[in-house]
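Me: I've got a model open and want to go through the labels people attach to it. Can you walk me through them?

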Amino acid sequence: MIKARLILVLSLIAGLIVGGFFLLDKKEAAGKNLLEGQPTAYIEGDESKVSFKLDGRIEELLVDEGDVVKKGQVIGVLQNDELEAKVSQAEAAVSVADGQINEAKAAQSTAVAKIEQGNAAVNVTAETAAKKVAQAEAALRAAEANLEALQNGARPEEIKQAESQMKAAEEIQKVAKDNLERLQTLLEHGLASQADVDKANTTYQEAKGKYEVAKQQYEIAVQGPREEEVKAAKAQVDQAKAAYELAVASQDEVLVRQGEVKAAEAGIKQAAGAVSTAQSGKSQAEAALAEANVYLSYTQLIAPTDGVIKTKAAEVGELVSAGFPVFTLEQAEERYSKFYFPETEISNIQVGDWVQIEVIATGKKLKAKVVSISPAADFAVQKATQNMDDTDIRSFSVKVEYKNIPNDVKTGMTVKWLKLLGEHNGN
């Protein structure tokens, strides 16, 4: 019994050994057929996962599976009411900032005008005050001289001198009056300034006062002083002193005008700061508007390249997260196949060679260009046996790209490598 079992076990072992050799021979034969046959592959195309950059609820899907799309085409839209409101708000902020800038610039212009007016007023006031002081001082001296003359009486030569002074003062008064009347006429026609008229009037009044004094001095010299004239002369001296003191006091008005100029200068600085602040606010508003427009653009799903919609993974009304692949787009820009050759045959193929390919389903012949050959082997197409010096035979991938592939040749079709056409036979 034991002997029968032993014989059965040995028979099974022998059968397994024979079967193993049979399988090895069969595999070796298959490898030889692969080496000697024409390799096949599939037409492939790169795919792109098309997704929104924002979370949101889908409002529109404008394409479906199988549709052909162009690069830049809008193929989907998210609900965007909130983002549109933010864009409107940012646009309003920009408009407000523009208004603030215009208002601040207007204030700045006003302050500049006030400085110009203030400086002019300071100059006119200072000049007028100095003139008034000089005029009052001259009137005081004349009044004092007149009083002294009345009190002392006049000699013949003094009478003659007084007459000459009176005539000279009269002529100066006439010239000053003519100049004043001329400037008043020019002022009425807008050809002279009020400051010029005031200045001419001051000169005229000064000349008039000098003439009156000279006239009185002459009359006194001729007629001799009377008691009432002496009293009047004393009163005139007192009046001239008061006018002189008032003219000196009026010089303080210059300080007031200078204070107004400094206030206007401070207003310019304040207005400049307001302009700068408003411009900064506008820059911020414009940045917010640009950001809002960018986010609004993210609600549109854009085709990244020409191609065909292969799959659709969402529907209108669904809430999708950023990066979720709503569509899978098969790119139309490049179609290729990868063939695998044993290392014993790869040396005949070079990058840049043109190849004739056959579509197995239709028998149509295509031309393709070898664009890459894998730098390292992928897998073994034949395993070594137990024979002496036998080794593995490994395979290398050869990628070819098609030129002007027909529309009826679809991605996924099986193709067969027919023959090399050479490097310059792609036309």
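Reply: Sure, and keep in mind that this is a predicted model. Let's start with strand E10 (residues 354-359), which is mostly covered, with five of its six residues buried.

Me: What makes a residue count as buried in E10?

Reply: The cut-off is a relative accessible area under 20%. In E10, five of the six residues count as buried, so the strand is called mostly covered.

Me: How do you know that E10 and E11 pair?

Reply: Pairing takes at least two bridges, and E10 and E11 have five, so they count as paired. The sense is antiparallel. For a spot to click on, glutamine 356 stands opposite lysine 367 in E11. The two strands form a hairpin with five residues between them, and glycine 363 in that turn has a positive phi of about 75°.

Me: Which strand does E10 join through six bridges?

Reply: That's strand E14 (residues 414-422), and the two run antiparallel. Six bridges against a minimum of two means that this is a pair as well. Valine 359 stands opposite valine 415 in E14.

Me: Just past E11 there's serine 374. Why is it called buried?

Reply: Serine 374 has a relative accessible area of 15%, and the limit is under 20%, so it is buried. Serine 374 is found in the loop between strand E11 (365-373) and strand E12 (380-382). Leaving aside neighbours within four places in sequence, serine 374 is in contact with Phe396 and Ser397.

Me: On to the helices. Why are H3 and H4 called roughly antiparallel?

Reply: The axes of helix H3 (residues 156-188) and helix H4 (residues 194-223) cross at roughly 160°. Angles over 145 degrees count as roughly antiparallel, so H3 and H4 get that label. Their axes come within 7 Å, and H3 passes H4 in a left-handed crossing.

Me: What does glutamine 173 touch, leaving aside neighbours within four places in sequence?

Reply: Glutamine 173 lies in helix H3, and its contacts are Tyr204, Ala207, Lys208 and Tyr211. Glutamine 173 has a relative accessible area of 15%, under the 20% limit, and is therefore buried.

Me: How do you know that alanine 271 is buried?

Reply: Its relative accessible area is 4%, and anything under 20% qualifies, so alanine 271 is buried. You'll find alanine 271 in helix H6 (residues 252-297). Not counting residues up to four places away in sequence, alanine 271 touches Ala104, Ala107 and Gln108. Take alanine 104: its C-alpha atom is separated from that of alanine 271 by 5.7 Å, with the two positions 167 residues apart along the chain.

Me: And why is alanine 129 called buried?

Reply: The reasoning runs as before: alanine 129 has a relative accessible area of 4%, which is under 20%, so it is buried. Alanine 129 has its place in helix H2 (residues 81-152). Alanine 129 and alanine 247 are 118 residues apart in sequence, yet 6.6 Å apart in space, C-alpha to C-alpha.

Me: Back to strands. What makes E2 and E9 a pair?

Reply: Seven bridges join strand E2 (residues 44-51) to strand E9 (residues 325-342), and a pair needs at least two, so they qualify. They run antiparallel, and lysine 49 stands opposite threonine 328 in E9. Strand E7 (residues 307-312) is also joined to E9, by five bridges, again antiparallel. There, isoleucine 309 has leucine 329 as its bridge partner.

Me: Which strands are the edge strands of the open sheet E6-E5-E3-E8?

Reply: Strand E6 (300-302) and strand E8 (319-320) are the edges; each pairs on one side only. Pairing in this four-stranded sheet is antiparallel. Strand E3 (residues 56-61) and strand E5 (residues 74-78) share three bridges, above the minimum of two, so they count as paired. In that pair, leucine 61 stands opposite glycine 76 in E5.

Me: How many helices and strands does the protein chain have?

Reply: There are six helices and 14 strands. Of the 427 residues in the protein chain, 30% are buried. Among contacts between residues at least 6 apart in sequence, 79% join residues at least 24 apart. The accessible surface comes to about 26,300 Å², and 53% of it belongs to carbon and sulfur atoms.

Note on methods
Residues are numbered from 1 along each chain as its sequence is written. This is a predicted model: local features need pLDDT of at least 70, side-chain atom pairs count only at pLDDT 80 or more; totals for chains, interfaces and linings use all residues. Side-chain values use heavy atoms; hydrogens and water are left out. Buried means under 20% relative accessible area, exposed over 50%, partly exposed in between (1.4 Å probe, protein chains only). Contact means heavy atoms within 4.5 Å. Accessible areas come from the Shrake-Rupley method with a 1.4 Å probe; for residues, only the protein chains shown count as cover. Axes are lines fitted to C-alpha atoms, for helices over the stretch in contact, and angles run from 0 to 180 degrees between N-to-C directions. Angles under 35 degrees count as roughly parallel, over 145 as roughly antiparallel, 65 to 115 as roughly perpendicular and the rest as oblique. A crossing is left-handed if the near helix is turned anticlockwise from the far one by less than a right angle, and right-handed if clockwise.
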